[in-house]
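The following exercises concern strand pairing and cysteines. Please study the sequence and the structure before reading each solution.

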Amino acid sequence: MKKVLVGLSGGVDSAVAAYLIKEQGFDVTCCFMRNWDSYANNDIEGNPTIQDDICPQEQDYLDAKAVADHLGLELQRIDFIQEYWNDVFMTFLSEYEKGRTPNPDILCNKYIKFDAFFEYAMKNGFDYVATGHYCSNQELNDYMYLTKAADQNKDQTYFLCQINEKALKKTLFPLGTLTKPEVRAIAQKLHLDSVSSKKDSTGICFIGERNFRQFLSNYLPSQEGDIIDIDSGKKLARHIGVLYYTIGQRKGLHIDQEKGPWFVCGKDVKKNILFVCRTDHKQWLYSDSCLVKGINWLVPDPYQIPTSVGCKFRYRQPDQPVQIQLISNDSVLVTYPQKIASVTVGQEAVFYDHHICLGGGVIEEVYIDNEDLNTKILNSYQEKRFGNN
């Protein structure tokens with residue numbers, strides 16, 4: 001009987017995944033991962049549960065234990081706190097420090113769930129790991145492809161684009177053919193009371209719900225600066241630090257004296273200036289191409305990929321038709337003449353051939369008419385301030 005280690009998080013998805021794997025006849029063991037220590041990691045400001053008697057992670061463990069007990073399965077508990085800090089969180093902070101917008105869920109899947117956790121399972125005699133992700137994998141010609149879930153609203157292939165094929169070959173995704181309502185219905189039918197009606201986890205992967213700006217201030221000191229209208233060059237308000245804002249952001253700008261809505265369209269990280277555009281001047285948000293690097297290809301040969309593919313520049317975005325031109329094994333120029341708003345440096349571009357996820361990488365530069373979009377914004381502001389001289 002094949003042995004499977006199921007990552008049990010204390011949520012409904014992984015609980016139902018464990019049940020389904022057991023029903024398929026595998027020898028199932030569950031494992032709860034603890035990857036964040038609020039006190040050790042100075043997670044104080046912006047943490048709404050820091051004074052609670054039971055922290056959310058401990059409650060998740062208790063919920064996972066209740067599920068494992070109910071299903072008659074063993075539950076192990078392991079810590080990857082150091083690995084998470086070194087590989088996920090330090091990268092996350094480093095990117096924010098540069099004014100970029102990283103995706104911690106992608107980093108977490110790459111370095112923790114499908115690296116540290118996967119290697120733990122393989123070293124301890126398991127044949128497979130299983131998770132509660134909404135996706136599937138499909139073997140064709142001795143290569144394991146990552147494919148979209150049946151529930152397109154929950155499909156999580158975007159977050160899995162940086163995992164490796166070695167792990168993909170040894171991972172089971174039992175929720176790939178199910179919808180979220182079906183998963184909840186199974187949990188209710190099984191009387192998995194600790195998770196069946198539990199709210200989906202949001203916030204930062206393994207850290208949880210936070211007041212994001214306050215949370216970041218624990219690690220990156222805030223520094224006030226000006227918010228500038230890119231069209232007029234006029235100062236509109238003050239921000240609390242350009243690092244805390246992302247391209248396309250509309251809420252939380254506190255521009256009260258000028259009618260909006262306003263959108264973040266650019267940053268001058270060195271001078272700590274945040275540039276915004278009004279809703280009737282949103283052309284500042286649009287690009288027609290970008291450079292993507294550090295691509296993790298989930299295909300046998302990237303040089304065989306079609307030049308016309310689908311691309312998500314953010315989670316739950318419909319696949320955008322794009323053209324890709326390989327520059328090297330792990331970098332491409334992506335073009336989209338129809339123009340797309342809020343393609344953001346530091347975020348992930350993930351490529352698709354219909355239901356197959358081809359892989360993804362980090363957006364390094366964003367262009368409009370062959371000019372770096374943020375540089376164009378900075379130059380436009382300089383011209384408004386000093387003229388063409």
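Two strands count as paired if DSSP finds at least two bridges between them. The model examined here is predicted.

**Exercise 1.** Determine which residue of β17 stands opposite Leu146, and how β6 and β17 pair.

*Solution.* Step one: strand β6 covers residues 143–147. Step two: β6 and β17 are joined by two bridges in the antiparallel sense. Step three: the residue opposite Leu146 is Cys357 in β17.

**Exercise 2.** Describe the pairing of β17 with β12, β16 and β18.

*Solution.* Step one: with β12 (residues 286–297), β17 forms seven antiparallel bridges, and Cys290 has Val366 as its bridge partner. Step two: β16 (residues 348–353) runs antiparallel to β17 and is joined to it by six bridges; here Phe351 is partnered by Gly359. Step three: two antiparallel bridges link β17 to β18 (residues 371–372), where Tyr367 faces Asp372. Step four: two residues lie between β17 and β18 in their hairpin, and Asp369 in the turn has a positive phi of about 50 degrees.

**Exercise 3.** State whether strand β17 is mostly covered or mostly uncovered.

*Solution.* Of the 13 residues in β17 (356–368), ten are buried, so the strand is mostly covered, buried meaning under 20% relative accessible area.

**Exercise 4.** Explain why Cys31 forms no disulfide with Cys30.

*Solution.* Step one: a disulfide requires cysteine sulfur atoms within 2.5 Å. Step two: the closest cysteine sulfur to that of Cys31 belongs to Cys30, at 8.8 Å, which is too far for a bond. Step three: a search of the whole structure likewise finds zero disulfides.

Note on methods
Residues numbered from 1 in each chain as written. Predicted model: local features only at pLDDT ≥ 70, side-chain atom pairs only at ≥ 80, totals over all residues. Heavy atoms only, no water. Buried < 20%, exposed > 50% of the residue type's maximum accessible area, 1.4 Å probe, protein only. Helix = DSSP H or I, 4+ residues; strand = E, 2+ residues; numbered from the N terminus.
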